[in-house]
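Here are a few exercises to work through with the model open in your viewer. Try each one before you read the solution.

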Amino acid sequence: MNAQVLMKLALIPFVVALAGCYREVSFKTDVHPILEARCISCHSPGAPGCVASGFSVATYQSVMKGTRYGHVVIAGSSAASTLVRLINHEADPSIAMPKSHTPGAPSEWLTPDQIKVIQEWIDQGAKDN
Ligand code: HEC
């Protein structure tokens, strides 16, 4: 065995360790706290965003139900999910989320990490976990 082969063999544990970085995102402990901090003030029954669109983030079931016009989370595809388009500001600016609490002011973005958590949760199947 030459030195190059030995080097390659030595790398295997690192590659395996990196693959082990896959972590399942939890709705309960990762996603819902973000929605509670940034969305629920407007998106729970009786609040303005929920009254206007029918979308409540109060429970897993209401998140999956979507607006009165249809789903905003498509399990397995963050790219097809309206919710992700809104938080990435890819839709009309007037409905970029989270909307500001100051009427007319631009949306106050989620952090890139928060957006990533929501995308990963959807891509991993949007589970009730
Ligand atoms: C300050 C209030 C407010 C906050 C905070 C807010 N929203 Fe909204 N949201 C609204 C309003 C009002 C509407 C109805 C559309 C409109 O009138 O702009 C809406 C509509 C929506 C819709 C439906 C859009 C459609 O296609 O009809 C979704 C989905 C949504 N919001 C998701 C979110 C998410 C996710 C968050 C948190 C990251 C959030 N919103 C935070 C007020 C808010």
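**Exercise 1. Find where Ala126 sits, and decide whether it is buried or exposed.**

Solution. Start with location: Ala126 belongs to the segment after α6. Keep in mind that this is a predicted model. Next, count neighbours: Ala126 has 24 other C-beta atoms within 10 Å, so it is buried, the cut-off being 20 or more. Now look at the backbone: Ala126 shows a positive phi of about 50° although it isn't a glycine. Gly125, just after α6, also has a positive phi, of about 110°. For background, most residues other than glycine have a negative phi.

**Exercise 2. Work out which face of α6 is buried and what it packs against.**

Solution. First check the helix itself: α6 has 12 residues and spans 16 Å from first C-alpha to last, close to the 16 Å expected at 1.5 Å a residue. Then pick out its buried residues, which are Ile118, Trp121 and Ile122. These cover an arc of only 100° around the axis, which puts them on the same side of α6. Flip to the face turned away from that side and you meet the exposed residues Pro112 and Asp113. Finally, the packing partners of the buried residues are α2 and α5.

**Exercise 3. Do the same for α2, then place Val31 in the core.**

Solution. The buried residues here are Val31, Ile34 and Leu35 of α2. Looking down the axis of α2, they fall within an arc of 95°, so they line one face of the helix. The opposite face carries the exposed residues Lys28, Thr29 and Ala37. The buried residues of α2 pack against α6.

Zoom in on Val31. Skipping neighbours within four places in sequence, Val31 is in contact with Val25, Val117, Ile118 and Trp121. Now zoom out: the largest nonpolar core has 18 residues, and Val31, Ile87, Ile118, Trp121 and Ile122 touch the most other members. The helices α2 (27-38), α5 (82-87) and α6 (112-123) each supply at least two residues of this core.

**Exercise 4. Describe what surrounds the ligand.**

Solution. The shell has 23 residues, and the closest are Cys39, Cys42, Gly49, Met97 and Pro98. By type, the shell divides into 13 nonpolar, 8 polar and 2 charged. As for helices, α3 (48-53) and α5 each supply at least two of the shell residues. While you're at Met97, check the backbone: the peptide bond from Met97 to Pro98 is cis, with omega near 0°. Pro98 lies in the loop between α5 and α6.

**Exercise 5. Compare the surroundings of His43, His89 and Gln4.**

Solution. Take His43, in the loop between α2 and α3. His43 is buried, with 26 other C-beta atoms within 10 Å. Leaving aside neighbours within four places in sequence, its contacts are Gly49, Cys50, Phe55, Ser56 and Val57. Lys99 is 56 residues from His43 in sequence, and their C-alpha atoms are 11 Å apart.

Next, His89 is in the loop between α5 and α6. With 14 other C-beta atoms within 10 Å, His89 is partly exposed. Its phi is positive, about 55°, although it is not a glycine.

Last, Gln4 is in helix α1 (residues 3-19). Gln4 has 8 other C-beta atoms within 10 Å and is exposed. Its C-alpha is separated by 42 Å from that of Gln114, 110 residues apart along the chain.

Methods:
Residues are numbered from 1 along each chain as its sequence is written. This is a predicted model: local features need pLDDT of at least 70, side-chain atom pairs count only at pLDDT 80 or more; totals for chains, interfaces and linings use all residues. A nonpolar core is a set of buried Ala, Val, Leu, Ile, Met, Phe, Trp, Tyr and Cys residues joined through C-beta atoms within 7 Å. A residue is buried if 20 or more other C-beta atoms lie within 10 Å of its own, exposed if 12 or fewer, and partly exposed in between; C-beta atoms are placed from the backbone. Helices (H or I, at least four residues) and strands (E, at least two) are DSSP runs, numbered from the N terminus. Two residues are in contact if their C-beta atoms, placed from the backbone, lie within 7 Å. A residue is near a molecule or strand if its C-beta atom, placed from the backbone, lies within 6 Å of it. Ala, Val, Leu, Ile, Met, Phe, Trp, Tyr, Cys and Pro count as nonpolar, Asp, Glu, Lys and Arg as charged, and the others, Gly among them, as polar. The expected span of a helix is 1.5 Å times one less than its number of residues. The arc is that of the directions from the helix axis to the C-beta atoms.
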